[in-house]
Amino acid sequence: MDWEEFARWGEEVARFGAAYHKGLRDRPVRPDVVPGAARDLIAATPPEHGAAMGDIWQDFLDIVPDRLTHWQHPRFFAYFPANAAPPSMLAEMLVSVMAPQCMLWQTSPVATEMEGVMIDWLRQAMDLPEGWSGVIQDSASQATLSAVLTMRERATGWTGNRAGLSGQGHLRIYVSAQAHSSVDRACWVAGIGQDNLVKLPDCGAPAFGMDVAALRAAIAADRAAGHTPAGIVAVTGGTGIGAWDDLAAVAEVAQAEGLYLHCDAAWAGSAMICPELRAQMWRGVEGCDSIVFNPHKWLGAQFDCSVQFLKDPQQQIDTLKIEPEYLRTSGAEVVNYSEWTIPLGRRFRALKLWFVLRYYGLDGLRARMRNHILWAQEVCDDLRARGFEIVTEPILSLFTFRGPGDDAAQQALVDALNADGRIYVTQGMHAGCRVVRFQVGQFDCTRADVMLAGEVIAEVSAKLAAESAASR
Ligand code: PLP
């Protein structure tokens, strides 16, 4: 492809992008497709000869957009958002045309230095202590794994990587039952094992935070049993219902016990640029050693972009750094971020943060999230008024509810809502009961989109009830 042709297709891609986004409200959030429908449209054998870009483009239009779940749809209320703000998309287009590999300072000086500055901008935006640094990872799962590996290495006197875990006894990690499954996975992968992940009860409404007395008791019992407590993973904004731990209280235990403390704020962390939310949910955050949050969820810097703040990066570097001859660089002291993470190769993720933070400003981003929180409360109140049971009240912009009937009826409601296509929600479990989970956080959603969800839920639920009555 010559560069004139490339430029023409680049314009076509940008035009498609604008039209796609402008038309999103007219599409069902989730496509009405059966498994295999897309695969059957793609040639089963690789092409022997090249094709014209026009043919490839037409096939893209015919096959892809109608078979996607539209994560940027303004009425996406499922999971957590994976927002891609337009300035972030532009930055990613630039990254993809320059395609640098940012493993070392010398392989991409500006990417490394911009990453350091973006981490510091976000540190300031969240009022974290001066002197903290951090790194951009691909996912919260990777950051949590890095933190758990650091816990392991600290607890084994930095011998785990070299000698393995045989004969090291039981290393113990503590979380609340509200923690994300990425913590379980981190314990599997780090060789610590599911059985050594101690899941503590929560204290119930309103925050559903970790029972800190139970944490203290569990650590004492483990020490008495000859086990080795290694670290604690706290949560700010758990996936199920948005649970948040009292970081000040958890940090006090971590400090008293000499344990490494990582905080998983994958979703809620973005909202911590709002001082009033930080004052409530992040009291004592300075007691953490590591914090992860995903700008790719609520801040508009698209997937993948996971920021890990570190009080003392050296502990993570001591855990993960490996320097074969081919990665050695000479010259001035520089930061080589691949020494802070598990993957060697690194994308230029700082550029989209730079674009998004400059385009919207902290004010613009705060206004969006505050609206989402307000509208979540409004639609929650609307559903309550319509007779739905609110199972957990909004934490930030996430709440859960139940319609009439048993657990099977809740799943039927979720399935019917998603088949309807106007909104997309997911199910959850809370206190042993199935719930419908609803979060507001899509970058382009309006109050009208959110309030329409209340109407759709009531309408679909009534239709299900009528069908069920008719079949009796
Ligand atoms: N932690 C929490 C609280 C989450 O909600 C999620 C995903 O939604 C994760 C961790 C995992 O995030 P990632 O996909 O970036 O690994």
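Which atom of the ligand does a polar side-chain atom of Lys297 lie 3.2 Å from? In this predicted model, the partner of the polar side-chain atom of Lys297 is an oxygen atom of the ligand, at a distance of 3.2 Å. Two further polar approaches to the ligand involve Ala140 and Ser141. In the case of Ala140, a backbone N or O atom lies 2.8 Å from a ligand oxygen atom, whereas for Ser141 an N or O atom of the side chain is 2.5 Å from an oxygen atom of the ligand. Taken on its own, the ligand has 400 Å² of accessible area, of which the protein covers 84%.

The ligand is surrounded by 13 residues, and those that come nearest are Ala140, Ser141, Thr239, Asp264 and Asn294. By residue class, this shell comprises 3 nonpolar, 8 polar and 2 charged residues. The site occupied by the ligand is the second largest pocket, and the elements that contribute two or more residues to the shell around the ligand are α5 (140–155) and α11 (295–298).

The largest pocket has a volume of about 790 Å³. This pocket is lined by 30 residues, among which His21, Gln72, Ala84, Met89 and Gln302 are the closest to its centre. At least two lining residues are supplied by each of the helices α1 (3–22), α2 (53–63) and α3 (86–98), and α1 provides the largest share, with 7 residues. The lining of the largest pocket divides into 20 nonpolar, 8 polar and 2 charged residues, while the shell around the ligand contains 3 nonpolar, 8 polar and 2 charged residues.

Several features of backbone geometry were also identified in loops of the model. Ala205 and Pro206 are joined by a cis peptide bond, for which omega is about 5°, and Pro206 belongs to the loop that runs between β3 (197–200) and α8 (212–224). A cis peptide bond, again with omega of about 5°, links Phe303 to Asp304; Asp304 is located in the loop between α11 and β7 (306–310), and α11 is one of the elements that give two or more residues to the ligand shell. Finally, Ala99 has a phi value near 45°, which is positive although the residue is not glycine. Ala99 is situated in the loop between α3 and α4 (109–125), and α3 is among the helices that supply at least two residues to the lining of the largest pocket.

Key: Residues are numbered from 1 along each chain as its sequence is written. This is a predicted model: local features need pLDDT of at least 70, side-chain atom pairs count only at pLDDT 80 or more; totals for chains, interfaces and linings use all residues. Side-chain values use heavy atoms; hydrogens and water are left out. A residue is near a molecule or strand if one of its heavy atoms lies within 4 Å of it. A polar contact is a pair of N or O atoms within 3.5 Å; within protein, one must be able to donate a hydrogen and the other to accept it, and residues adjacent in sequence count only if both atoms are side-chain atoms. Accessible areas come from the Shrake-Rupley method with a 1.4 Å probe; for residues, only the protein chains shown count as cover. On a 1 Å grid over the protein atoms alone, a cavity is a set of points where a 1.4 Å probe fits but cannot get out, and a pocket is an open set with protein on both sides within 12 Å along at least five of seven lines; lining residues have an atom within 4 Å of a point. A molecule sits in a cavity or pocket if more than half of its atoms lie within 2 Å of its grid points. Helices (H or I, at least four residues) and strands (E, at least two) are DSSP runs, numbered from the N terminus. Ala, Val, Leu, Ile, Met, Phe, Trp, Tyr, Cys and Pro count as nonpolar, Asp, Glu, Lys and Arg as charged, and the others, Gly among them, as polar. Grid points are joined across faces, edges and corners, and a volume is the space filled by probe spheres set on the points.
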